[in-house]
Amino acid sequence: MRVPAPDPRAVREASLDELSRLGLPLPPPQFPLVWEPGDEIELRPTPEIEARIAVLHVILARCFGMPAQAATSWLLESHLVDSVTPPEWQFVMGGRGDHRSFVLHHDALFSLAWVLGLAKELDPTVPVDERLVERMPNLVAGETFGQWRARILAAPQHPGDAAALLDLHYCLDWAYLETEEAGRALPGLVDANAIGQRRWALEWAVVLRGPYHDEPPGWEEVDLST
């Protein structure tokens, strides 16, 4: 469902108010907006987000001991191989790659779960909900991708709400990095890496349409440099 984007300046003002409430530094005045007036927004198709959640869940399972054969078999039987990026496939197949970076995807998974209504809130001061695993495919019990999709009954967020949370995490990402670099205390139990992962997922899931936006990036192509 493509809808007109909310006023980016009003959304940014709300994001800065939240940073102030958390006692975080504010980005400079020239900090760019995520979208422009007149742009449109939508979420990626629900099946695509569900596939990305399932892939990340399998990758995390591999991080914590799931055998490569079991992981690859599940992905093949679920027809999800095309949703796995080359670095992810190398890790699933042979454990190659940065193990720590894949573990960090736990927060990206949490963010995507929020997008589909599987998590109630995405509070920047609170770690991943321990009950999140209950809303993921039960790999141990052999739950298939199709069975999982039927069980969760995804209820995606409104694109405007997701876009507002993207803007907040765009600002939070900057503020958390600045705070950590200055050696100051963060407002909760979530660090800059986790905020960056949540932003990554939102940058991927929220599709911006307008004259200054390219086609939606692939998972590995999401740009977090600004």
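Reader: How much space lies in the second largest pocket?

Author: About 320 Å³, in a model that is predicted. A pocket here is an open set of points on a 1 Å grid over the protein atoms alone, where a 1.4 Å probe fits, with protein on both sides within 12 Å along at least five of seven lines. Its volume is the space filled by probe spheres set on those points.

Reader: Which residues lie nearest the centre of that second pocket?

Author: H57, L60, A61, V133 and L139, out of 16 that line the second largest pocket (lining means an atom within 4 Å of a point).

Reader: And which elements give two or more residues to that lining?

Author: Those are α2 (46-63) and α6 (105-115). The largest share, three residues, comes from α2. Helices are DSSP runs of H or I with at least four residues, and strands are E runs of at least two.

Reader: What's the mix by class in the lining of the second largest pocket?

Author: There are 11 nonpolar, three polar and two charged residues. Asp, Glu, Lys and Arg count as charged.

Reader: OK, now the largest pocket. What's its volume?

Author: The largest pocket has about 570 Å³. It is lined by 22 residues, and V34, E203, L208, H213 and D223 are the closest to its centre. Two or more lining residues come from each of α8 (159-181), α9 (192-205) and β3 (206-209).

Reader: Which one gives the largest share there?

Author: That's β3, with three residues in the lining of the largest pocket. By class, that lining divides into 13 nonpolar, two polar and seven charged residues.

Reader: Switching to helices: how do α2 and α3 cross?

Author: Their axes, lines fitted to C-alpha atoms over the stretch in contact, come within 10 Å and cross at roughly 170° on a scale from 0 to 180 degrees. That makes α2 roughly antiparallel to α3, since the cut-off for that is over 145 degrees.

Reader: Which residues meet there?

Author: A54, V55, V58 and R62 in α2 meet A68, A71, W74 and L75 in α3, with heavy atoms within 4.5 Å. Seven of these count as nonpolar, none as polar and one as charged.

Reader: What about α3 and α4?

Author: The axes of α3 (residues 68-77) and α4 (residues 86-94) come within 7 Å and cross at roughly 135°. So α3 is oblique to α4. On the α3 side A68, A71, T72 and L75 meet W89, V92 and M93 of α4.

Reader: Last topic: how many salt bridges are there?

Author: The count is 15 salt bridges, taking a side-chain nitrogen of Lys or Arg within 4 Å of a carboxyl oxygen of Asp or Glu. One of them joins R2 and E42, at 3.4 Å from N to O. R2 lies in the segment before β1 (3-4) and E42 in strand β2 (residues 40-43), so this pair ties together parts 40 residues apart in sequence.

Reader: Anything about the ground rules?

Author: Local features need pLDDT of at least 70 and side-chain atom pairs 80 or more, while totals for chains, interfaces and linings use all residues. Residues are numbered from 1 along each chain as its sequence is written, and side-chain values use heavy atoms, leaving out hydrogens and water.

Methods: Parallel < 35°, antiparallel > 145°, perpendicular 65-115°, else oblique.
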